[in-house]
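Hi,

Here is the structure I promised to pass on. Have a look at it first, and then read my notes underneath.

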Amino acid sequence: MKTFVVGDIHGRGAQLASLLDMLPRETGTDTLVFLGDLIDRGFDAPGCVDQVLSLCNGNPERVICLRGNHEQMLLDFIDGSADLWITPVTGGERTFEQYTGRPLIARTDAELDEARRIVASKVPAEHLSFFRRMPYYHEDEYALYVHAGLDQGKHPRDSKPQSLLWLRDMEFYKNYRGKPCVFGHTPTPFLPLRGRLGRHGIYISHSAIGLDSGYNHHSPLSCLSLPDFTLYQTFADGRGETHQITSFIPEALKAMQKRAGIGT
């Protein structure tokens, strides 16, 4: 049995479809975990949600999608509790346009209220329901899986939801040594230099494993298979690559590899 973990997708529908086609996943025994942030920035956020929702509905025991801070920002905007989602840095305006078919205009309070009403009515109810039931974390025999990080190295059940969605903590990145924890949220170029796996674009330091390999035209969309540490990546130009990671693997996962005869 394997677990395939997919990093932040951010609306890259074609790359996601290509990545899923690459994975040698046995649907009856292997687990597929998405670390959240399906939406914003890319060309097809609704299509990404459709793909992942279909997988989750078709095999709920074996396909898990975590809540990302971008899904949370959209919900907060619709619920009227915060407007961060529509600030330019988030890329939410692109998702707004893709769901509504019109540009985002929110210069006045009246326009803001209208934008909130429109997006709430245009995002399919099944998508909103999906966002609201996304869990904050997942755990299996191999690792913990969260969108952003852990509170002072605590188990996710003892960490605040805000931390699981938003945390950027150098102490966690550099020195976390608990059960292996796979996270997204922070692109590898913004993580500590020691632990970045060069051209692969992912991060491994002790027991912290980062899979947000960035968002630009050259950035790969990444999936890591555990416990074998095979990395699958797709690119905007249609390329797909597979790499066997052999460096910096957490000791607990090395022991699992040895028991399973991986790499021997």
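What share of the 264 residues of the protein count as buried? The figure comes to 55%. Keep in mind that this is a predicted model, so treat every value here as computed from that prediction.

First, the overall picture. The protein has 9 helices and 11 strands. Its radius of gyration is 18 Å, close to the 18 Å that the globule rule gives for 264 residues, so the protein is as compact as a globular protein of that length. If you lay the C-alpha trace along its principal axes, it spans about 65 × 35 × 35 Å. Contacts between parts far apart in sequence matter for the count too: taking contacts with a separation of 6 or more, 66% are between residues 24 or more positions apart.

Next, a pair of helices. H1 (residues 13–22) packs with H2 (residues 45–58) at an angle of about 30°, and their axes are 9 Å apart. Because angles under 35 degrees count as roughly parallel, H1 is roughly parallel to H2. On the H1 side you'll find Gly13, Leu16, Ala17 and Leu20, and they meet Cys48, Gln51, Val52 and Leu55 in H2. Sorted by class, that contact has 6 nonpolar residues, 2 polar ones and no charged ones.

Now the cysteines. How many disulfides does a search of the whole structure find? It finds 0. Cys65 is in no disulfide, and the nearest cysteine sulfur, in Cys56, is 5.5 Å away. A disulfide needs the two sulfur atoms within 2.5 Å. Cys181 has its closest cysteine sulfur in Cys65, and at 16 Å that is too far for a bond. Both cysteines are tucked away from the surface: Cys65 counts as buried at 4% relative accessibility, and Cys181 counts as buried at 0%.

Cys56 deserves a closer look. This residue lies in helix H2 and is buried, with a relative accessible area of 9%. Leaving aside neighbours within four places in sequence, Cys56 is in contact with Val63, Ile64, Cys65 and Phe130. Ser225 is 169 residues away from Cys56 along the chain, and the C-alpha atoms of the two are separated by 18 Å.

A few histidines are also worth finding on your screen. His127 lies in helix H6 (residues 125–133) and counts as buried at 2% relative accessibility. Outside its neighbours within four places in sequence, His127 is in contact with Pro46, Val49, Asp50, Leu53 and Tyr99.

The other two have backbone angles to check. Most residues other than glycine have a negative phi, and most peptide bonds are trans. His185 has a positive phi, near 75°, and is found in the loop between strand E6 (181–183) and strand E7 (203–205). Is His185 buried or exposed? With a relative accessible area of 5%, His185 is buried. His206 has a positive phi as well, near 55°, and is found in the loop between E7 and strand E8 (208–210). At a relative accessible area of 36%, His206 is partly exposed.

Last, a peptide bond. The one from Leu226 to Pro227 is cis, with omega near 5°. You can find Pro227 in the loop between strand E9 (221–226) and strand E10 (230–234).

Cheers

Methods:
Residues are numbered from 1 along each chain as its sequence is written. This is a predicted model: local features need pLDDT of at least 70, side-chain atom pairs count only at pLDDT 80 or more; totals for chains, interfaces and linings use all residues. Side-chain values use heavy atoms; hydrogens and water are left out. Buried means under 20% relative accessible area, exposed over 50%, partly exposed in between (1.4 Å probe, protein chains only). Axes are lines fitted to C-alpha atoms, for helices over the stretch in contact, and angles run from 0 to 180 degrees between N-to-C directions. Helices (H or I, at least four residues) and strands (E, at least two) are DSSP runs, numbered from the N terminus. Angles under 35 degrees count as roughly parallel, over 145 as roughly antiparallel, 65 to 115 as roughly perpendicular and the rest as oblique. Contact means heavy atoms within 4.5 Å. Ala, Val, Leu, Ile, Met, Phe, Trp, Tyr, Cys and Pro count as nonpolar, Asp, Glu, Lys and Arg as charged, and the others, Gly among them, as polar. The radius of gyration is taken over C-alpha atoms; the globule rule is 2.2 Å times the number of residues to the power 0.38.
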